[in-house]
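Student: Got a minute to go through this one with me? I'd like to start with what counts as buried.

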Amino acid sequence: MLSAPVLRKLKSGRNLLAFSHGVDSTALFYLLDEAGVKFDLAIVDYNVRAQSKDEVASARDLAAKFNKQIYVKSVQLGESNFEHEARAARYGFFAEICREQGYENLILAHQFDDRFEWFLMQLGRGAGLSELLGMQEFESREDYMIARPLLSVRKCELERFLRERNLKYFTDKTNLTDRFKRGFIRAKFSEPFLDEYFSGVKKSFEFLTTDALNLTPEISNPAPKIYLVKRGTNELRGIDQACKRLGLVLSSAQRNECARCLENGANCVLGGKVAVGAGANFILVTPYVKPVMDKKFKEACRRLAIPPINRGFLFAARADLALFEGLF
């Protein structure tokens with residue numbers, strides 16, 4: 001049931017499982033354990049359901065039973081943009097743990113239904129192939145790798161796995177309503193469609209993934225938190241990937257803003273965090289900082305035509321400017 005390439009990767013590294021005690025992450029917990037993969041747990045309590053306290057308590061018991069470390073975070077979020085804020089909170093928490101505790105892989109329990117829901121949501125927004133495919137088995141981040149071992153498995157298979165073994169899990173009833181956009185897509189479109197056409201949709205994703213490899217942008221990482229994206233038809237996808245590795249998942253509005261800037265040969269700052277500098281041959285993507293720079297450094301950057309928007313980070317990071325010789 002688990003992806004063989006992902007399992008091989010997980011067996012050779014330190015792993016953190018993003019846990020909620022729902023169907024997907026609970027099934028993945030037991031599947032990983034049966035496969036001999038070592039991992040610890042991280043769970044977020046959003047404090048919007050009384051049941052969440054029971055989920056956290058049960059997760060602690062499960063971790064103790066299997067001799068695993070567990071990290072718990074409690075957050076209070078606003079209601080106006082809850083899905084977005086919840087996602088930012090949990091990924092920020094997971095990234096912090098990976099960075100501070102030295103976990104190499106963050107294991108996510110996304111399954112095939114999630115992947116198809118994402119596809120439909122992006123299709124409705126207007127997206128290219130890379131954005132439509134979205135979830136991949138492996139994704140690089142600045143300090144860790146994301147791994148998704150269940151992308152070829154339907155949610156109903158995971159439910160059957162748990163029920164056949166009489167294993168405890170929780171059901172978040174908010175996921176069964178159309179209150180949030182993803183719930184609406186799931187109930188009205190993705191689940192009925194997959195129930196009828198799963199084998200064909202799965203094959204289509206295999207073809208699309210192969211096609212996407214031919215559209216992979218040229219991106220390099222010559223030094224920590226420094227990314228160079230080759231100018232060309234796939235440059236926006238390269239910027240999107242670099243931003244993800246720097247901890248910023250771009251919204252549609254941010255992608256559009258970036259595209260407009262690049263079209264006009266302008267630099268931009270995305271989310272107040274990432275600097276995108278437009279050169280003739282390459283695009284430089286770094287964190288955005290504004291330190292006071294000395295004149296000698298400024299002059300060296302000017303001679304190399306390094307985009308001004310990136311110079312603050314390069315100065316603060318004491319980057320070797322020889323890396324950019326002849327690039328811009």
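Tutor: Sure. Buried means under 20% relative accessible area, and exposed means over 50%. Keep in mind that this is a predicted model.

Student: So is Q111 buried or exposed?

Tutor: Q111 is at 1% relative accessibility, so it counts as buried.

Student: Where is Q111 placed?

Tutor: Q111 is in the loop between strand 4 (105-107) and helix 5.

Student: What does the side chain of Q111 reach?

Tutor: The backbone nitrogen of D113, at 2.8 Å.

Student: And leaving aside neighbours within four places in sequence, which residues is Q111 in contact with?

Tutor: D24, L150, L151, V153, K155 and L158.

Student: New topic, pockets. What volume does the second largest pocket have?

Tutor: About 230 Å³. It is lined by 15 residues, and the closest to its centre are A127, G128, E131, L236 and R255.

Student: Which helices each supply at least two residues of that lining?

Tutor: Helix 5 (112-125), helix 9 (235-245) and helix 10 (252-263). Helix 10 has the largest share, four residues.

Student: How do the lining residues divide into nonpolar, polar and charged?

Tutor: Three are nonpolar, seven polar and five charged.

Student: Back to R255. Buried or exposed?

Tutor: R255 sits in helix 10. Its relative accessibility is 15%, so R255 counts as buried.

Student: Which residues does R255 touch, not counting those up to four places away in sequence?

Tutor: E131, L236, D240 and L250. With D240, the contact is polar and side chain to side chain, at 3.1 Å. With L250, the side chain of R255 reaches the backbone oxygen at 3.4 Å.

Student: Last one, the largest nonpolar core. Which residues touch the most other members?

Tutor: L17 and L32, out of 31 residues in that core.

Student: Which elements give two or more residues to this core?

Tutor: Helix 1 (4-10), helix 2 (23-34), strand 2 (40-45), helix 3 (51-65) and helix 7 (155-164). Helix 2 gives the most, seven residues.

Student: What is L17 in contact with, leaving aside neighbours within four places in sequence?

Tutor: S25, L28, F29, L32, F39, D40, L41, A42 and I107.

Student: And which residues does the second, separate core include?

Tutor: That core has 21 residues, among them L16, Y71, Y103 and L106.

Technical notes: Residues numbered from 1 in each chain as written. Predicted model: local features only at pLDDT ≥ 70, side-chain atom pairs only at ≥ 80, totals over all residues. Heavy atoms only, no water. 1 Å grid on protein atoms, 1.4 Å probe; cavity = no way out; pocket = protein on both sides within 12 Å on 5 of 7 lines; lining within 4 Å. Points joined across faces, edges and corners; volume = space filled by probe spheres on them. Nonpolar A, V, L, I, M, F, W, Y, C, P; charged D, E, K, R; others polar. Buried < 20%, exposed > 50% of the residue type's maximum accessible area, 1.4 Å probe, protein only. Polar contact = N/O pair within 3.5 Å; in protein donor to acceptor, adjacent residues only side chain to side chain. Contact = heavy atoms within 4.5 Å. Core = buried A, V, L, I, M, F, W, Y, C linked by side-chain atoms within 4.5 Å.
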